[in-house]
Each structure stands twice: as structure tokens, then as C-alpha cells.
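Visitor: I'd like to take a close look at one part of this protein, and then see how that part sits in the rest. Could you walk me through it once it's on the screen?

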Amino acid sequence: MFTNGPLLLFSKHVLDRTGRWEDHAVWPVLAAAAICGAALAARRVLGAAGRQQARSSRVAAGAVGCFTLAALASTLWSVDPAATAWRSSVYVGMALLAWAIAGFDHDEAAAVVATVAGAAVAASLLLVWLRPDLGLHSDGSWKGVYTNRNSLGPLAAVGILVSVRYLLAFRGWPRVVAAGGAAAAIAALVGAGSRTAWISLAVGATAATVIGSHPWLSKRCSAAAARTATAAATALATSVMVAAVAAQWDVPTFGQRREMWGLVWDRIVQRPLLGHGFFTFWDIEELTQHVLLRRGSAHNSLVEVGLGLGLLGAVPFTVIVLLAAGNAGSALWRRPGPDTWFGAALVAFLIVENLTESFILWFSYSWVLLMAASLRPSPAAAEPLPAAALHRDSEGAGR
């Protein structure tokens, strides 16, 4: 989370450098992050954590491996081989980091997300307050310690989701702290004004709530009534979301995206199988003459993968996303609760967010978390609750 906006902001405005990924003030931090990912993966292999050593899905591991190898191999045909070689090497560390996170239990994963998202939101709020010249866009929207509002907005939304998880799971002071975190994240999201983050948050929270409510309904009414209620809720939620998207369809932000996707598609069909090389197209001036191609990304991760890696990368990318959605949805369906609700809502949010942003690039936490969700084994119906969850349940029963 901190090797994107904050690192580039520091490079540009404190060190007065270019802020490019290969800048000498930037690349050592990215390399260190990749090495940390490899170290955490090695820690899991050696069993130092001592728990949850379940084997990840072989299909997911194969898809993550194929995508990472495709990114590395694209150095051979990239429009900028040196940049592809360096950036795809960092992605090896990100894949290992995702594999390590997949071994965390629910409490550990939530704690990591809450800590880092909370720190990012808090730092952004402080910068907006103390240095508005750095923390605000020229139009007054908040970007905090990131380069634009569409980077701060998703992080704030993640902070809201993880805060809801703690509000549902705990009582007393932890709930008060979670409420404060939710308020800070909501303030950051409102200040950023990112439409895509708002829509993605609504879709993620609604989808998880609808899926999680079915088992609850099944225990309180007949199976037919539960299915009917779930279907009705799904239809209503889908209708509302479609209406919300339709209302924003002609907003300039979305109109420009649609035009941009058409321009990028013309570039994809030039190299449909292998692409132009991972994470480099936007740096080549002769390929980005159109004004909309100077935005630095395709604003859609699947389109971005097609541009950089063609079908070679698009196939494993799609498998990873589908497995992440399947694992999260299955876990929530089988064992509804705060942890599985948060996991499903987070994955749904990340998927929708990647439809309008290219978070497959920029060494993004979004892609790491999606890979981790695909690698996490789906729990069996009879799998025992984690010790922390049992402790929370016993506390609730005692009260």
C-alpha cells in the first residue's frame, strides 16, 4: 500500500526527483517489498508461523505462477525490455507475498488490512489538514498521501469494510475503535469523491450481505421461502446497482473510459496473443499520441492485461479472479459470519474496482489481495471455527 502513492509523493515533492519506478529513490523500496514477500513465503514454507499450513489450490497456484511467468517472459518481446524485466521481477515477490497472506487465518488477515489501511487513511487525513497543497487536487478533492483521488478512495473503502468486520465481531472498546476507524475512512472517501470507489463499495457490501443472509434465513423459515427471499433480494440489489451505473453512464469520467477502452482495444488486436510487454506500453511516447492514452493506464485491469500480455496473460488472470470470487463466496455461504462477510465483501469490491481501474499495475495491494483470495483454500462445511472466533462467541454468550 505504501510503495505506490506515498513513495512517489516523497520522491517528487521531498526529494524533487522524477518519481518514476526506476528512480534511484524509488526502486530500492520496491525491491525491498519484493524481498519481504519472498521472506514471508519462505517463513510459511518452513512452518515458522506454526499454524494453518493447508495446501492452497493447485489450480490457483498454477494460475498465479503462469501469470507471473508470462509477465517475466514478456521481456523477450516487450516494447521496453529493460522496464518489463525490472517490473515483472518485482511481481515475483508480490506473488510470493500473496501466497504467504493466503496462509494467514482470518484474524491475522483482518488485522493486517486494518492496520495498514488505517495508517494510510490517517496519514492522508493529516496531510489534507496540515499540507493541503500536497493533500488536495486542484479541484479540491482529497488525494492524501496518494497521487490521485482514485487511489485514496479505494483504500478508504477497504478501511470501511474492515471496520464493519470489527464492529460485527467485537464488543466494548474494540467496537469503539472500529467505529472511529469507520468514521475516518468514510470522511476520506467522501473527501476523495471517487465514484468508482463508492459504487464498488456498495456492490461489495451488498453482494456479501445477500449471500450471507441465505443461511440465516434457512434456519428461520422453509428452504423455499429462503430461496425466494434471497432471489428477491438479489434482483432488487441488482436493479438498484444497474440504475446507479446507468445514472452515471454519461458522466465525463465514464464516457472517457469507454472511449479509452476502444482506443486500447485497437492496440490489443495488433498483438492479441502476447501483448506489448508487461507494464510498459504507457511509457512509449509514439504509442500514446492520443490525449486519452496519456492517462497512464487503461482503467480496466482485464483490458490492461490484454494490452500487456495478450491472451497469454488474460487466461490466468481470469482464472485467478474467478477462483478468488468462488473461494470467498463459498466460505461465506458455508459459514456466514463477520470474517467470511468481510472476505467476500472485500473480494467483490476489488473485482468491481478493477473494472474501472488498472490495479493490476503499480505493484498494487489490490492484485496481491485478489491473488491471496484465490490461493486461500475454501473451508469445508465442518471446519472448526478459529480459536479467536470461538472466544468471541463465548464472550457474546456470556453477555
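Leaving aside its neighbours within four places in sequence, which residues is Gly-144 in contact with?

Guide: Happy to, and keep in mind that this is a predicted model. Setting aside neighbours within four places in sequence, Gly-144 is in contact with Leu-9, Ser-124, Leu-127, Val-128, Leu-134, Gly-135 and Leu-152. You'll find Gly-144 in the loop between α6 (132-135) and α7. Gly-144 counts as buried because its relative accessibility is 0%, and the cut-off for buried is under 20%. There's also a longer-range relationship to look at: Gly-144 and Ala-192 are 48 residues apart along the chain, with their C-alpha atoms separated by 8.5 Å.

Let's follow one of those contacts, Leu-9, into helix α1. Leu-9 is buried there, and so are Gly-5, Pro-6, Leu-7, Leu-8 and Ser-11. The cover over the buried residues of α1 includes α2 (27-45) and α5 (106-130).

Now for the empty space. The largest pocket holds about 1100 Å³. It is lined by 40 residues, and the closest to its centre are Thr-147, Asn-148, Arg-295, Gly-296 and Trp-362. Helix α1 (5-13) turns up again here: along with α7 (149-169) and α11 (252-268), it supplies at least two residues of the pocket lining. By class, that lining has 16 polar, 13 nonpolar and 11 charged residues.

While we're on α11, have a look at Thr-253, which is found in that helix. Thr-253 counts as partly exposed because its relative accessibility is 27%. C-alpha to C-alpha, Thr-253 and Arg-195 are 9.0 Å apart in space, and they are 58 residues apart in sequence.

There's enclosed space to inspect as well. The structure has one cavity of 30 Å³ or more, and the largest cavity holds about 60 Å³. Its lining is made up of Gly-277, Phe-278, Phe-279, Thr-280, Phe-281, Trp-282, Glu-304, Val-305, Leu-307, Gly-308, Ile-360 and Leu-361. Sorted by class, those residues are eight nonpolar, three polar and one charged.

Trp-282 deserves its own stop. Apart from neighbours within four places in sequence, Trp-282 is in contact with Val-264, Thr-288, Leu-293, Gly-296, Ser-297, Ala-298, Glu-304, Leu-307 and Leu-361. Among those partners, Gly-296 is one of the residues closest to the centre of the largest pocket, while Glu-304, Leu-307 and Leu-361 help line the largest cavity. Trp-282 also belongs to the largest nonpolar core, which has 88 residues; Trp-282 is listed with Phe-67, Val-264, Phe-278, Phe-342, Phe-363 and Trp-367 as those with the most contacts inside it. The largest share of this core, 11 residues, comes from helix α12 (residues 301-334).

Next, try His-276, in the loop between α11 and α12. His-276 counts as buried because its relative accessibility is 3%. Not counting residues up to four places away in sequence, His-276 touches Trp-77, Ser-78, Val-79, Arg-267, Gln-270, Arg-271, Phe-281, Leu-287, Leu-307 and Gly-308. Of these, Phe-281, Leu-307 and Gly-308 are among the residues lining the largest cavity.

A couple of backbone spots are worth a click too. Most residues other than glycine have a negative phi. His-299 has a positive phi of about 55 degrees although it is not a glycine. His-299 is found in the loop between α11 and α12, and it counts as buried because its relative accessibility is 12%. Phe-363 also isn't a glycine, yet has a positive phi of about 50 degrees. Look for Phe-363 in the loop between α13 and α14 (365-375); at 5% relative accessibility, Phe-363 counts as buried.

Then there's Val-347, in helix α13 (residues 338-356). Val-347 is buried because its relative accessible area is 7%. Leaving out residues up to four places away in sequence, Val-347 touches Ala-324, Ala-325, Ala-328, Leu-370 and Ala-373. The C-alpha atoms of Val-347 and Ala-324 are separated by 6.9 Å, with their positions 23 residues apart along the chain.

Zooming out, the protein has 15 helices and zero strands. Buried residues make up 47% of its 399 residues. Among contacts with a separation of 6 or more, 73% are between residues 24 or more positions apart. The accessible surface comes to about 18200 Å², and 68% of that belongs to carbon and sulfur atoms.

Notes: Residues are numbered from 1 along each chain as its sequence is written. This is a predicted model: local features need pLDDT of at least 70, side-chain atom pairs count only at pLDDT 80 or more; totals for chains, interfaces and linings use all residues. Side-chain values use heavy atoms; hydrogens and water are left out. On a 1 Å grid over the protein atoms alone, a cavity is a set of points where a 1.4 Å probe fits but cannot get out, and a pocket is an open set with protein on both sides within 12 Å along at least five of seven lines; lining residues have an atom within 4 Å of a point. Grid points are joined across faces, edges and corners, and a volume is the space filled by probe spheres set on the points. Helices (H or I, at least four residues) and strands (E, at least two) are DSSP runs, numbered from the N terminus. Ala, Val, Leu, Ile, Met, Phe, Trp, Tyr, Cys and Pro count as nonpolar, Asp, Glu, Lys and Arg as charged, and the others, Gly among them, as polar. A nonpolar core is a set of buried Ala, Val, Leu, Ile, Met, Phe, Trp, Tyr and Cys residues joined through side-chain atoms within 4.5 Å. Buried means under 20% relative accessible area, exposed over 50%, partly exposed in between (1.4 Å probe, protein chains only). Contact means heavy atoms within 4.5 Å. Accessible areas come from the Shrake-Rupley method with a 1.4 Å probe; for residues, only the protein chains shown count as cover.
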